[in-house]
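Student: Could you pick one part of this model and take a close look at it with me? I'd like to see how you get from one piece to the next.

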Amino acid sequence: MVTPVDNPRKDTQIAPEIDPELSEAVQQWKEDCYKFSMLHCGSLFNRVDSIKLVNDYKEDKEGEYTLGQCKIQTYALIVVRREITLRRELLDKPSSLRAVLAHELGHCVFLRNHVENERNNLMAPYILPQKVLDAQLPAMLQRFYQQIEADELPKIGAFG
């Protein structure tokens with residue numbers, strides 16, 4: 001007879017703390033994830049601890065302009081905290097917000113790194129202009145989730 005034990009990772013079932021202004025964008029991400037993949041998007045999303053808005057990134061160096069950030073805290077090879085911040089100005093650019101949120105969740109949820117030399121890839125280290133995103137974002141999202149499912153995107157550092 002096996003005696004059940006407490007699951008030390010049960011906290012991963014707690015929904016992230018989400019800035020109320022981002023609730024619509026988060027819902028759109030979940031819809032995109034379910035539409036374009038066979039992933040269990042809700043459970044995967046709960047890996048994130050928080051998604052918040054910031055006015056700026058003080059650590060930006062001259063010539064840099066960060067729109068979003070995923071901070072992953074680890075203990076050895078165990079991820080213990082995942083926090084996403086997005087620049088507040090994205091609220092006025094729906095396609096950019098949708099793309100940057102998917103990109104940062106690519107880092108924080110799926111532990112994927114940037115893709116170099118692929119301009120139209122959501123995991124590129126830069127964002128396309130709003131007009132281009134308006135036209136191409138659905139196809140980019142579909143490709144992004146196909147790449148996640150096929151394990152084709154580079155993994156972050158030690159998780160590779």
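Tutor: Sure, one term before we start: a helix here is a DSSP run of H or I with at least four residues, and helices are numbered from the N terminus. Keep in mind, too, that this is a predicted model.

Let's begin at Gly106, which is found in helix H3. Is Gly106 buried or exposed? Buried means under 20% relative accessible area, and Gly106 has 0%, so it counts as buried. Leaving out residues up to four places away in sequence, Gly106 touches Leu111, Arg112, Met123 and Phe144. For a sense of distance, take Glu89: 17 residues separate it from Gly106 in sequence, and their C-alpha atoms are 21 Å apart in space.

Now zoom out to the helix around that glycine. H3 has 15 residues, and from first C-alpha to last it reaches 21 Å, close to the 21 Å expected at 1.5 Å a residue. Of those 15 residues, 13 are buried, so H3 is largely enclosed by the rest of the structure.

One neighbour of H3 is H4. The axes of H3 and H4 come within 9 Å and cross at roughly 35°, and the crossing is left-handed. On the H3 side, the contact is made by Pro94, Ser95, Ser96, Arg98, Ala99, Ala102 and our friend Gly106. On the H4 side, it's made by Gln130, Leu133, Asp134, Leu137, Leu141 and Phe144. Sort the residues of this contact by class and you get seven nonpolar, four polar and two charged. H4 has another sort of residue as well: Lys131 is found in this helix, and with a relative accessible area of 73% it is exposed. Lys131 is 13 residues from Glu118 in sequence and 18 Å from it in space, C-alpha to C-alpha.

Next, follow the chain between the two helices. Two of the residues Gly106 touches, Leu111 and Arg112, are worth a stop. Leu111 lies in the loop between H3 and H4, and its relative accessible area is 14%, so it's buried. What stands out about its backbone? Most residues other than glycine have a negative phi. Leu111, though, has a phi near 55°, a positive value in a residue that isn't glycine.

Arg112 lies in that H3–H4 loop too. An arginine might make you guess "surface", so check: its relative accessibility is 7%, so Arg112 counts as buried. What does Arg112 contact, setting aside neighbours within four places in sequence? The list runs through Gly106, His107, Met123, Ile148, Asp151, Leu153, Pro154, Lys155 and Ile156. Look at Lys155 in particular: it is 43 residues from Arg112 in sequence, yet their C-alpha atoms are 4.3 Å apart in space.

Asp151 is on that contact list as well, and it sits in the segment after H4. Asp151 has a positive phi of about 60° although it is not a glycine. Its relative accessible area is 44%, which makes Asp151 partly exposed.

Back to H4, to meet its other partner, H1. The 14 residues of H1 (residues 23-36) should span 20 Å at 1.5 Å a residue, and the end C-alpha atoms are indeed 20 Å apart. Buried in H1 are Ala25, Val26, Trp29, Asp32, Cys33 and Phe36. They cover an arc of only 120° around the axis, which puts them on the same side of H1. Here's the background: an α-helix has 3.6 residues a turn, so residues three or four places apart point the same way. The face turned away from that buried side carries the exposed residues Glu24 and Lys35.

What covers the buried residues of H1? The cover includes strand S1 (17-18), helix H2 (41-45), strand S2 (50-54), and both H3 (94-108) and H4 (130-149). As for H4, its axis comes within 9 Å of the H1 axis, and the two cross at roughly 65°. That crossing is right-handed, while H3 passes H4 in a left-handed one. Trp29, Asp32, Cys33 and Phe36 of H1 meet Pro138, Leu141, Gln142, Tyr145 and Glu149 of H4. The residues of this contact divide into six nonpolar, one polar and two charged. Notice Leu141: it takes part in the contact of H4 with H1 and also in the contact of H4 with H3.

How values were computed
Residues numbered from 1 in each chain as written. Predicted model: local features only at pLDDT ≥ 70, side-chain atom pairs only at ≥ 80, totals over all residues. Heavy atoms only, no water. Expected span 1.5 Å × (residues − 1). Buried < 20%, exposed > 50% of the residue type's maximum accessible area, 1.4 Å probe, protein only. Arc of directions from axis to C-beta. Contact = heavy atoms within 4.5 Å. Axes fitted to C-alpha atoms, helices over the stretch in contact; angles between N-to-C directions. Left-handed = near helix turned anticlockwise from the far one by under 90°. Nonpolar A, V, L, I, M, F, W, Y, C, P; charged D, E, K, R; others polar.
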